[in-house]
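Please open the model in your viewer, with the sequence panel beside it, and follow the stops below in order. Each stop suggests a selection and then says what is found there.

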Amino acid sequence: MNKKLAAALSGGAAIALTLTGCSDDSGAQADEWAKKVCDQVQPQVKKIQEANASINDASKEKNSSEDVKKTDAAAFQKISGAYKSLGEAVDNAGPPPVDDGEKLHADAVKELNNISAKYGQLRKTVDGLNTKDQAKFAEGLQGVATQLDALGKSGDKALSKLQSGDIGKAMANQKGCKRSPDSPGV
């Protein structure tokens with residue numbers, strides 16, 4: 001059952017990686033703005049990937065329900081914190097120097113904070129799962145996997161808009177926003 005949970009997590013990682021672009025160069029103002037954001041991106045993406053790995057590991061091993069519960073809850077808390085930090089990075093950078101920058105900025109911050117809150121709710125859900133009854137625990141994990149799948153599919157429109165155009169090009173040129181070879185595809 002935890003394998004479904006691990007599979008659903010890959011969608012959430014894709015959302016974090018929408019901040020990593022791939023394009024050519026842009027103006028100095030856009031580069032300056034992108035640097036403010038991208039300097040904060042890589043450490044948070046790494047936290048998300050580490051949390052996902054811990055869930056994957058827990059699903060592969062013959063861990064007790066209590067161990068799976070603790071691992072999953074800790075991972076969701078870590079992911080929630082990473083998205084909150086990404087939201088803060090975008091917020092602290094201010095609106096990007098493009099047309100409609102205020103709206104792009106507000107939408108991206110709102111979306112990142114919303115994702116953080118949803119992972120926080122998943123942590124609370126996992127904390128509340130009954131580990132004494134295997135069937136109820138498996139049913140609870142199925143519910144969490146369903147929520148994760150929906151979260152992974154939830155709109156990343158604001159982030160996609162943020163990484164488009166000149167800002168997207170500027171972000172793609174920043175070290176912190178470049179995809180590492182081992183990053184999952186978006």
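Does α2 pass α7 in a crossing that is left-handed or right-handed? Keep that in mind while you orient yourself in what is a predicted model, and come to it at the second stop.

**Stop one: colour by confidence.** The protein chain has an average pLDDT of 80, and 77% of the residues score at least 70. Among the elements of the chain, helix α1 (residues 2–16) has the lowest mean pLDDT, 55, while α3 has the highest, 93. Now select residues 20–26, where pLDDT stays under 50 and for which the model nevertheless has 21 contacts beyond four places in sequence. Where pLDDT is low, the predicted coordinates should not be read in detail.

**Stop two: α2 with α7.** Select helix α2 (residues 28–60) together with helix α7 (residues 165–172). Their axes lie 8 Å apart and pack at an angle of about 55 degrees, and the two helices are therefore oblique to each other. The crossing in which α2 passes α7 is right-handed, which settles the opening question. To see the contact itself, show the side chains of A30, D31, W33, A34, V37 and C38 in α2, which meet D166, I167, A170 and M171 in α7. By class, this contact has 8 nonpolar residues, 2 charged residues and no polar ones.

**Stop three: α2 with α3.** Keep α2 selected and add helix α3 (residues 65–93), whose axis comes within 9 Å of that of α2 and crosses it at roughly 170 degrees. At that angle α2 and α3 are therefore roughly antiparallel to each other. The contact of α2 with α3 has, by class, 17 nonpolar, 7 polar and 5 charged residues.

**Stop four: along α3 and past its end.** Select α3 alone and follow its 29 residues, which reach 42 Å from the first C-alpha to the last, close to the 42 Å expected at 1.5 Å a residue. Just after α3, select G94, which takes a positive phi of about 80 degrees.

**Stop five: α3 with α4.** Finally, add helix α4 (residues 101–127), whose axis comes within 8 Å of the α3 axis, the two crossing at roughly 165 degrees. That angle makes α3 roughly antiparallel to α4, and the crossing of this pair is left-handed. Sorted by class, the contact of α3 with α4 has 13 nonpolar, 7 polar and 6 charged residues.

Notes. Residues are numbered from 1 along each chain as its sequence is written. Side-chain values use heavy atoms; hydrogens and water are left out. Axes are lines fitted to C-alpha atoms, for helices over the stretch in contact, and angles run from 0 to 180 degrees between N-to-C directions. Helices (H or I, at least four residues) and strands (E, at least two) are DSSP runs, numbered from the N terminus. Angles under 35 degrees count as roughly parallel, over 145 as roughly antiparallel, 65 to 115 as roughly perpendicular and the rest as oblique. Ala, Val, Leu, Ile, Met, Phe, Trp, Tyr, Cys and Pro count as nonpolar, Asp, Glu, Lys and Arg as charged, and the others, Gly among them, as polar. pLDDT is the predictor's confidence in each residue, from 0 to 100. Contact means heavy atoms within 4.5 Å. A crossing is left-handed if the near helix is turned anticlockwise from the far one by less than a right angle, and right-handed if clockwise. The expected span of a helix is 1.5 Å times one less than its number of residues.
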